[in-house]
Amino acid sequence: MTAAERVLRTLTIAACGLLFFLPLWWVTVSAVRPQEEIFAFLSPLSPWTLWPRNVTLAHVVELWSGPFARAIFNSMYVTVVTVVIGLVISAKAGFALAVLPFRFREGVFVVIVVSFLIPFDAIALPLFGIMRGYGLQNTYTGLILPGIGNGLAVFLLRQFFLGIPRELREAAMIDGMGWFGIFWRIYVPLSVPALISAGLILFVFQWQAYLWPLIIAPAPDYKVAAVAIAQFSDFYGTNYSLIFAGSFFVSIIPMLVLVVFQRFFAASIATSGSKD
Amino acid sequence: MDRLRQPLTILAFLGPALLAVVLLRLWPAVFAVDLSLRPPRGEGYSLENYQFIFTDPQFLNSLVVTAIYSLIVNPLQIAIALALAVLMNVAVPLIGLWRTMVLLPVAIPQSVSAVVWGVGLRPDGPVNALVQALGFEPQRFLTSPDQALASIILIVSWIGVGYWMTFLLAGLQEIPRTLYEAARIDGASRWQQFRYVTLPQLRRTLTFVLVANTVANFLVFAPVQILTQGGPQGSTNLIMNEIYSQGFVIGDARSAAAATVVLVSFVLAVVSIQFRMMRAPEDEER
């Protein structure tokens, strides 16, 4: 590449990045400007279209003192519990499938693989039909359960555990360590990157969930943020300031998680995408 | 090895996950098949629900809409994702930042993206402001039967393109540089390098992206349910929205189950094609 080509390519890349970022920037700006200015600087376009002329945090305060605060709390609670429980049971299952010798190992592995080939949203309605019968509507349990049975997380961890040399566990067994010790003291500490990747899968699944929470937890006390934001007009009419402030807070949490853990996110992509 | 305690150990490790996966993923699928085969009235099993949905104009329309949508959105997203991946596969200042900016929309819940774009595409919203600034008439977007599906495609593409780009970037970075050097020595142009080195080397990644993207697009729900409810005039009634309105708005759980079985069959068919295509002839010869 010549120097001119390089500059041109850099500018094109930056323009593409900014183009994708533009709607998010607009959300952020609209969240902190007075409501009457949200549509004020559009015709003709001006610098004030993309920069707040007046900044106010009034509706951010209003947002956090209203029912939406509860929805954000619900999302956080449900997501954290999902990630913690989901990681524990997925890691244990991945360990069993990678390390423990038992008879139906291949068969169980096939069951796990088939389970994540069926997309969850496709079977959400039949699952609702089942769960409603057990009184799980409008409960945290009902919201959390589908998130913890994640075959992809089990698969990812199994693949990683398979790569840990067996000499390590053989040495530990000679020292008298049991399977739980081997799992907890050897496999888990060696697998932090894979655990983060699996944790991200569980996190994204639960934070993004829309159809399932929409049907299993419609009551205001259990409504999660992704659903509440879609029903904003029920709470606030057409108060766009609050809609943007809500969108900002629902988005900023996963965006920060993505930026912080991007390295591991890319790693999980590499395992599921280009390898066997 | 302690024979007595061994099954308990396995159960302790494997039990919870296996139970969760079977009860929360596989059982509902079996339950849906069973429910879909129960006739609306009477006992036993029959294909009545399938007969009903395959003669129901609204369901048939949703299949047509989903087919048209898939035929446009998948090639479009993959072409853009591939172009972006090739463009961004270079070490320029702040490249990580620019890539992250393209990827960020995928982190946001789809319902939030739908709400935000819903405001953006309002008749007096910023997208129309831009359209007018470029000298065109303002458009109706989501309220027009001719433009609503295209608007949904715009929204889901903004969400998803960066995600698929990330896979393709990973694939591009695995292509050995020596292949390009050899091609250049043979006098290959940029286009020829792309056509005869990049594309063949990227085949596995592209196949994966094509299949995963197709499945993801079969399942698009939140933008449709939030912004158009399948309208105007059924023009955006994608299959997930049809299943939802069949099951929840109309309350016909058995027809919804039949439609679910049709959808899951489609998905499994697409995935099994992937497994075939991943094993291309040249791999087997090795």
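B:Leu94 counts as partly exposed because it has 13 C-beta neighbours inside 10 Å; by this measure a residue is buried if 20 or more other C-beta atoms, placed from the backbone, lie within 10 Å of its own, exposed if 12 or fewer, and partly exposed in between. B:Phe141 is buried, with 23 other C-beta atoms within 10 Å. The model is predicted: local features need pLDDT (the predictor's confidence in each residue, from 0 to 100) of at least 70, side-chain atom pairs count only at pLDDT 80 or more, and totals for chains, interfaces and linings use all residues. Residues are numbered from 1 along each chain as its sequence is written, while chains are lettered from A and ligands numbered from 1 in the order in which they are written.

Most residues other than glycine have a negative phi, and most peptide bonds are trans. Two residues of chain B have a positive phi, as tabulated; helices are DSSP runs of H or I with at least four residues, numbered from the N terminus.

| Residue | Phi | Loop in chain B |
|---|---|---|
| B:Leu94 | near 65° | between H3 and helix H4 (95-103) |
| B:Phe141 | near 50° | between helix H6 (126-133) and helix H7 (148-172) |

A cis peptide bond, with omega about -10°, joins B:Gly231 and B:Pro232. B:Pro232 belongs to the loop between helix H11 (222-227) and helix H12 (239-249) of chain B.

Chain B has an average pLDDT of 89, and 95% of the residues score at least 70. For the complex, the predictor gives an ipTM of 0.87 and a pTM of 0.88.
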